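Dear colleague,

Here is the structure I said I would pass on. My notes on it follow below the entry.

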Amino acid sequence: MSEPSPPSRRRRGRLLRRGSALVVLVSLAGYLAVQYLTGGTGAPRCEVVSGKGDGASYEFTPEQATNAATISAVGTSRGMPERAVAIALATALQESALRNITHGDRDSLGLFQQRPSQGWGTEKQIMDPTYSAGEFYEHLAKVPDYTRLPLTVAAQRVQRSGFPDAYAKHEPDATLLAAALTGRAAATLTCEGRPGATPNGGPDAVRAALVRDFGRGVIQSAATEMRSRDSAGATESANASGTAAAPSPTAPTADTVTIPVQSDAGSGAASEASVRRRGWELAHWAVANSSELHIERVAYAGREWVAGGRAGAWRIPADGGAGGGAGSGRAGLSEVRIVTGQ
């Protein structure tokens, strides 16, 4: 029979166990505090959900969101249909997982793994997501009846991949992304919006990124709108007594970029639907770029997205949309308001 342990050894054992339990509790408390403050675990994330209410969704990173938004914007700016955007997104998901990578098979590079030796452009050009997306669409447009082909067939006609059936598995996710990023499915794309480790914040950075993805027209229309507002403000600045009018509480501030939403669809219901779709395209683009460009708030059509962990979802603001300059009526469809953190 073994001898009983000395009392001092038993006390040391109890103290060690209690100390270990205390360390575990402190660690758990710290972990829960981080989750409460950041709204989630690991890297920031984005999510797109189905506008059909069927529960379909796709989670991805802010880096992927930025690249997906660029691919979509380049496509719509060229007049390409939503199906073309879905084909491009599925291709980039397969080729690079929507990451602008500097390596690949032989000399393949970038989002679409295009090869300088095959005439896709220089290394520098291919590593520019706007350029590489444009090259993809240029080749896709030459594929006869590509909108009627199976997605993987249309993608393969452009890519000439050694794995011609590989694109099909990405079609569900690419379809969700295309519906959101082209604006057809409203308020379906969200991001946590934690600022990335980039210096790219502020209104000027947002404007530059808009021009990069959509072309100069989007900023020219914004400049026209700003001049119109300044002129109207000057005309109405004096009231009947000759004193200066008080500034509007909802007037844009220096950290705000206001993008007018226009349509070429004519008048009536068709025009309103086109305006709404364009507005949600711009609004979702801003949310997708929220980490990269340090965007804190996006408002459109009576809905508002605010950065902040997993709470970064579209909601109706407390003021009913008045503060966001984007009410739910037809007039509220006329602009997207983007507020930056710098």
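The structure, which is a predicted model, holds 1 disulfide. The bond is formed by Cys46 and Cys191, with 2.0 Å between their sulfur atoms. Cys46 belongs to strand 1 (residues 46–49) and Cys191 to strand 3 (residues 189–191), so the pair ties together parts that lie 145 residues apart in sequence. The torsion about the S-S bond is about 105 degrees, and the disulfide is therefore right-handed. Both cysteines fall under the 20% cut-off for burial: Cys46 is buried because its relative accessibility is 1%, and Cys191 is buried with a relative accessible area of 4%.

For the chain overall, there are 11 helices and 7 strands. Of the 342 residues, 43% are buried. Taking contacts between residues at least 6 apart in sequence, 64% join residues at least 24 apart.

Next, the core. In soluble globular proteins, nonpolar side chains tend to be buried together. The largest nonpolar core here has 75 residues, and the members that touch the most others are Ile71, Tyr137, Leu210 and Trp285. Helix 3 gives the most to this core, namely 9 residues. I looked at Trp285 in more detail. Apart from neighbours within four places in sequence, Trp285 is in contact with Ala69 and Ala73, with Val206, Ala209, Leu210, Arg212, Asp213 and Phe214, and with Leu293. Leu210, one of the contacts of Trp285, is also listed with Trp285 among the core residues that touch the most other members.

Helix 10 (residues 269–288) contains Arg277. Is Arg277 buried, exposed or partly exposed? Its relative accessible area is 29%, so Arg277 counts as partly exposed. Not counting residues up to four places away in sequence, Arg277 touches Glu82, Thr182, Gly183 and Arg184. The C-alpha atoms of Arg277 and Leu181 are 9.6 Å apart, while the two residues are separated by 96 places in sequence.

Helix 6 is mostly covered, with 7 of its 9 residues buried. Those buried residues are Leu151, Thr152, Ala154, Ala155, Gln156, Val158 and Gln159. What do they pack against? The partners are helix 3, helix 5 (129–140) and helix 7 (171–181). Arg160, just after helix 6, has a positive phi of about 55 degrees.

The same stretch of chain comes up again in the second largest pocket. This pocket holds about 510 Å³ of space. Two elements give two or more residues to its lining: helix 3 (82–96) and helix 6 (151–159). The lining has 20 residues, and those nearest the centre of the pocket are Gln113, Arg115, Gln159, Arg160 and Ser161. Gln159 is thus both one of the buried residues of helix 6 and one of the residues nearest the pocket centre, and Arg160, with its positive phi, is also among those nearest the centre. By residue type, the lining of this pocket divides into 10 polar, 5 nonpolar and 5 charged residues.

Helix 3 appears in several of these notes: in the core, where helix 3 gives the most residues, against the buried residues of helix 6, and in the lining of the second largest pocket.

Regards

How values were computed. Residues numbered from 1 in each chain as written. Predicted model: local features only at pLDDT ≥ 70, side-chain atom pairs only at ≥ 80, totals over all residues. Heavy atoms only, no water. 1 Å grid on protein atoms, 1.4 Å probe; cavity = no way out; pocket = protein on both sides within 12 Å on 5 of 7 lines; lining within 4 Å. Points joined across faces, edges and corners; volume = space filled by probe spheres on them. Helix = DSSP H or I, 4+ residues; strand = E, 2+ residues; numbered from the N terminus. Nonpolar A, V, L, I, M, F, W, Y, C, P; charged D, E, K, R; others polar. Core = buried A, V, L, I, M, F, W, Y, C linked by side-chain atoms within 4.5 Å. Buried < 20%, exposed > 50% of the residue type's maximum accessible area, 1.4 Å probe, protein only. Contact = heavy atoms within 4.5 Å. Disulfide = S-S within 2.5 Å.
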